[in-house]
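Let's take a walk through this structure together, starting in its sheet and ending in its loops. Please have the view ready to rotate as you read.

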Amino acid sequence: MILDNFKLNGKVAMVTGCNTGLGQGMALGLAEAGATIVAVNRDNAEDTEKKLKEIGNPYFMLKADLSSIDVIPNLVQEALASASKIDILVNNAGIIRRDDSLVFSEKDWDDVMNVNSKVLFFLSQAVANHYIARKVRGKIINICSMLSFQGGIRVPSYTASKSAAAGLTRLMANEWAQYNINVNAIAPGYMDTDNTAPIMADPERAKAILSRIPAGSWGLASDLQGPIVFLASDASNYLHGAIIPVDGGWLAR
Ligand code: NAD
């Protein structure tokens, strides 16, 4: 039956940066669909752990600072030692730095590019090799942005990194579809999280943004739960290289 294809029982999902915000929402959605969660966080993730415990599936809480690719081999090893396998990778961890392009610093460039695109690529590479070695279908879901499609303002490294994430989603899909690896992405619109707190706190920007969203409201972490379960499940096995906007209609304007 078609609804059974959306179930994730028996699957292991590694979700990066899920102590809060969109990552937490997606980890909980995947757990509710039946997955065992391997939560990867740099910071304290007690709130997520408490919520995962309430859902009741097994879960594993791992620590890693994803600002460098050096942590990847250990991280994958730890995940496999805890959960025995990975079936789904959600590359959600991300940061943003805001400053005028005329004075934007190299540090703000490198820090953002490292987490949002370099680690995204090399963690995907490591997990893809695990899928191929096991000869099983695997899912990789990257978290893109409206700035995977648009220029943005005062966030040059974020725009570059999220445009890279979109390009890499397509590249990895092209190369790895032959191994039954589905690489796709979600591009959230303007969502109410810590990441967007500074623009929500700016009355003029917040009003201008809201007036352009056809749905009439900022998105919530829970709005990503349906799309992430779809992309993580067998219901999306013929999807490769898609970048699904979940944006209240923002891109349609
Ligand atoms: P958030 O700041 O609440 O969450 C970001 C997560 O990434 C946190 O868990 C944080 O700890 C983690 N992270 C950051 N640097 C890390 C590092 N070095 N190592 C490990 N973890 C690290 O923001 P959010 O809005 O929930 O963002 C989640 C993702 O969604 C990000 O990739 C973001 O770019 C993207 N996104 C957000 C919006 C939005 O409107 N909020 C829109 C489009 C895309």
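In which sense do β4 and strand β5 pair, and over how many bridges? β4 and β5 (residues 138–143) pair in the parallel sense, over four bridges. Please keep in mind throughout that this is a predicted model.

## The sheet

That pairing belongs to an open sheet of seven strands, ordered β3-β2-β1-β4-β5-β6-β7 and paired in parallel. β3 (59–63) and β7 (243–246) stand at the edges with a single partner strand each, so one side of each has no neighbour in the sheet. From one strand to the next, the twist averages 20°. As general background, strands of a sheet pair through backbone hydrogen bonds, either parallel or antiparallel.

If you follow the strand order, you can see how β1 is held on both sides. Five bridges join β1 to β2, and these two strands run parallel. Strand β1 (residues 12–16) is also joined to strand β4 (residues 88–91) by three bridges, again in a parallel run. The table below picks out some of the residue pairs across these strands.

| Residue | Partner or opposite residue |
|---|---|
| Val12 | Thr36 in β2, standing opposite |
| Ala13 | Ile88 in β4, bridge partner |
| Met14 | Leu89 in β4, bridge partner |
| Val90 | Ile141 in β5, standing opposite |

Now look at which way the side chains go. Ile88 and Val90 point one way from β4, while Leu89 and Asn91 point the other way, and all of them are buried. β2 has both faces covered as well: Thr36, Val38 and Val40 are buried on one side, and Ile37, Ala39 and Asn41 are buried on the other. With six of its six residues buried, β2 is largely enclosed by the rest of the structure.

## Helices on the sheet

Which helix lies across β2 and β3? Helix α2 (residues 46–55) lies across β2 (36–41) and β3, and runs at about 165° to β3. Helix α3 (residues 72–83) packs on the sheet too, where it touches β1, β2 and β3. The direction of α3 makes about 160° with that of β3.

A residue to visit in another helix is His130, which is found in helix α4 (residues 106–134). Is His130 buried or exposed? Its relative accessibility is 11%, and because buried means under 20%, His130 counts as buried. Not counting residues up to four places away in sequence, His130 touches Leu80, Lys85 and Ile86. His130 and Ala83 are 47 residues apart in sequence, and their C-alpha atoms are 13 Å apart in space.

## Around the ligand

How many residues surround the ligand? There are 29, and the closest are Asn19, Leu66, Asn92, Tyr158 and Thr193. Several polar atoms of the protein can be picked out beside oxygen atoms of the ligand. An N or O atom in the side chain of Asn19 is 2.5 Å from one ligand oxygen atom. A backbone N or O atom of Asn92 lies 2.7 Å from an oxygen atom of the ligand, and for a backbone N or O atom of Gly17 the distance to a ligand oxygen atom is 3.0 Å. Taken alone, the ligand exposes 820 Å², and the protein buries 94% of that.

Asn92 deserves another look. Its place is in the loop between β4 and α4, and Asn92 is buried, with a relative accessible area of 10%. A polar atom of the Asn92 side chain lies 2.8 Å from the backbone oxygen of Gly17. Leaving aside neighbours within four places in sequence, Asn92 is in contact with Thr16, Gly17, Leu22, Gly23, Met26 and Ile143.

## A serine in a loop

Our last stop is Ser148, placed in the loop between β5 and α5 (156–176). What does the side chain of Ser148 reach? The side chain of Ser148 reaches the backbone oxygen of Lys162, at 2.8 Å. Apart from neighbours within four places in sequence, Ser148 is in contact with Lys162, Ser163 and Ala166. Ser148 is buried, with a relative accessible area of 12%.

Conventions: Residues numbered from 1 in each chain as written. Predicted model: local features only at pLDDT ≥ 70, side-chain atom pairs only at ≥ 80, totals over all residues. Heavy atoms only, no water. Pairing = 2+ DSSP bridges. Axes fitted to C-alpha atoms, helices over the stretch in contact; angles between N-to-C directions. Contact = heavy atoms within 4.5 Å. Near = heavy atom within 4 Å. Polar contact = N/O pair within 3.5 Å; in protein donor to acceptor, adjacent residues only side chain to side chain. Areas by Shrake-Rupley, 256 points an atom, 1.4 Å probe, with all protein chains shown as cover. Buried < 20%, exposed > 50% of the residue type's maximum accessible area, 1.4 Å probe, protein only.
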